[in-house]
Amino acid sequence: MSSPEIASLSWGQMKVQGSTKTYKDCKVWPGGSRAWDWRETGTEHSPGVQPADVEEVVKKGVQTLVIGRGMSEALKVPPSTLEYLEKQGIDVRVLQTEQAVKEYNALAAQGVRVGGVFHSTC
């Protein structure tokens, strides 16, 4: 099962290949995607992406996880999240969201089992 391409990205909205939904923030993994609702884990821009935010994607068996920090990189990624991913043996890339989507799509095109969590505003 391959990772779906991020078909389009603009401020506040993302479309994922194979889904009819438009996401503001989303999680993607080989074979699927869904909205990323920060309220599920109490995520805020600071301290940022929590291990609980990425755990679902990690459990889908990804080799690499791309984290999009937002268009202006307002979303933080604390050391605890990076440490969690390292312990799971996951290669992680943390980038501004437009760059993160390019990186994710390139990895997906290469057949890498890649997942992502993306924030499409600030």
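Helices and strands here are DSSP runs, helices (H or I) with at least four residues and strands (E) with at least two, numbered from the N terminus. The structure is a predicted model.

**Exercise 1. The cis peptide bond**

Locate proline 47 and describe the peptide bond that leads into it from serine 46.

Solution. Start with the position: proline 47 sits in the loop between β5 and α1, the latter covering residues 51–58. Then take the bond. From serine 46 to proline 47 the peptide bond is cis, and its omega is near 15°.

**Exercise 2. The order of the sheet**

Work out which strands stand at the edges of the five-stranded sheet and what follows for their sides.

Solution. Step one is the order. The sheet is open, and its five strands come as β5-β4-β8-β6-β7 with mixed pairing. Step two is the ends of that order. β5 (32–35) and β7 (91–95) are the edge strands; each has a single partner strand, so one side of each has no neighbour in the sheet. Step three is the angle: on average, neighbouring strands are turned by 10° against each other, direction ignored.

As background, strands of a sheet pair through backbone hydrogen bonds, either parallel or antiparallel.

**Exercise 3. The two partners of β4**

Describe how β4 is joined to β8 and to β5.

Solution. Take β8 to begin with. Strand β4 (residues 25–29) and strand β8 (residues 114–119) run antiparallel and are joined by four bridges. Aspartate 25 faces histidine 119 of β8.

Now take β5. Four bridges also join β4 to β5, and this pair runs antiparallel. Cysteine 26 has alanine 35 in β5 as its bridge partner. The two strands make a hairpin with two residues between them, and glycine 31 in the turn has a positive phi of about 90°.

**Exercise 4. A helix across the sheet**

Name the strands that helix α3 lies across, and give its angle to β8.

Solution. Helix α3 covers residues 97–109. The strands it lies across are β4, β6 (64–68), β7 and β8. Its angle to β8 is about 165°.

**Exercise 5. The surroundings of lysine 27**

Is lysine 27 buried or exposed, and which side chain does its own side chain meet in a polar contact?

Solution. Lysine 27 belongs to strand β4. The cut-off for buried is under 20% relative accessible area. Lysine 27 has 3%, so it is buried.

Next, look at the contacts. With neighbours within four places in sequence left aside, lysine 27 touches several residues, including Trp36, Ala52, Val57 and Val117. Its side chain makes a polar contact of 3.2 Å with the side chain of glutamate 56.

This pair is also a salt bridge, with the closest N and O atoms of glutamate 56 and lysine 27 3.2 Å apart. Glutamate 56 lies in helix α1 and lysine 27 in strand β4, so the pair ties together parts 29 residues apart in sequence. Glutamate 56 itself is partly exposed, at 24% relative accessible area. Finally, a network of salt bridges links Lys27, Arg34, Glu40 and Glu56.

**Exercise 6. Arginine 93 and its acidic partners**

Find the salt bridges of arginine 93 with aspartate 91 and with glutamate 103, and place the second pair in the fold.

Solution. In general, side chains of opposite charge can pair when their charged atoms come close. The side chains of arginine 93 and aspartate 91 form a salt bridge at 2.7 Å, N to O. Those of arginine 93 and glutamate 103 form one at 2.2 Å, N to O. The second pair links distant parts of the chain, with glutamate 103 in helix α3 and arginine 93 in strand β7, ten residues apart.

Check the accessibility of each residue. Arginine 93 is partly exposed at 26%. Aspartate 91 is partly exposed at 33%. Glutamate 103 is partly exposed at 27%. The count of salt bridges in the model comes to nine.

**Exercise 7. Threonine 81 and glutamate 73**

Which backbone oxygen does the side chain of threonine 81 reach, and what is phi of glutamate 73?

Solution. Threonine 81 is in helix α2. At 0% relative accessibility, threonine 81 is buried. Its side chain reaches the backbone oxygen of valine 49 at 2.4 Å. Beyond its neighbours within four places in sequence, threonine 81 is in contact with Val49, Gln50, Pro51 and Val54.

Glutamate 73 is in the loop between β6 and α2 (79–87). Its phi is near 60°, a positive value in a residue other than glycine. Glutamate 73 is partly exposed, with 36% relative accessibility.

Conventions
Residues are numbered from 1 along each chain as its sequence is written. This is a predicted model: local features need pLDDT of at least 70, side-chain atom pairs count only at pLDDT 80 or more; totals for chains, interfaces and linings use all residues. Side-chain values use heavy atoms; hydrogens and water are left out. Two strands pair if DSSP finds at least two bridges between them. Axes are lines fitted to C-alpha atoms, for helices over the stretch in contact, and angles run from 0 to 180 degrees between N-to-C directions. Contact means heavy atoms within 4.5 Å. Buried means under 20% relative accessible area, exposed over 50%, partly exposed in between (1.4 Å probe, protein chains only). A polar contact is a pair of N or O atoms within 3.5 Å; within protein, one must be able to donate a hydrogen and the other to accept it, and residues adjacent in sequence count only if both atoms are side-chain atoms. A salt bridge is a side-chain nitrogen of Lys or Arg within 4 Å of a carboxyl oxygen of Asp or Glu.
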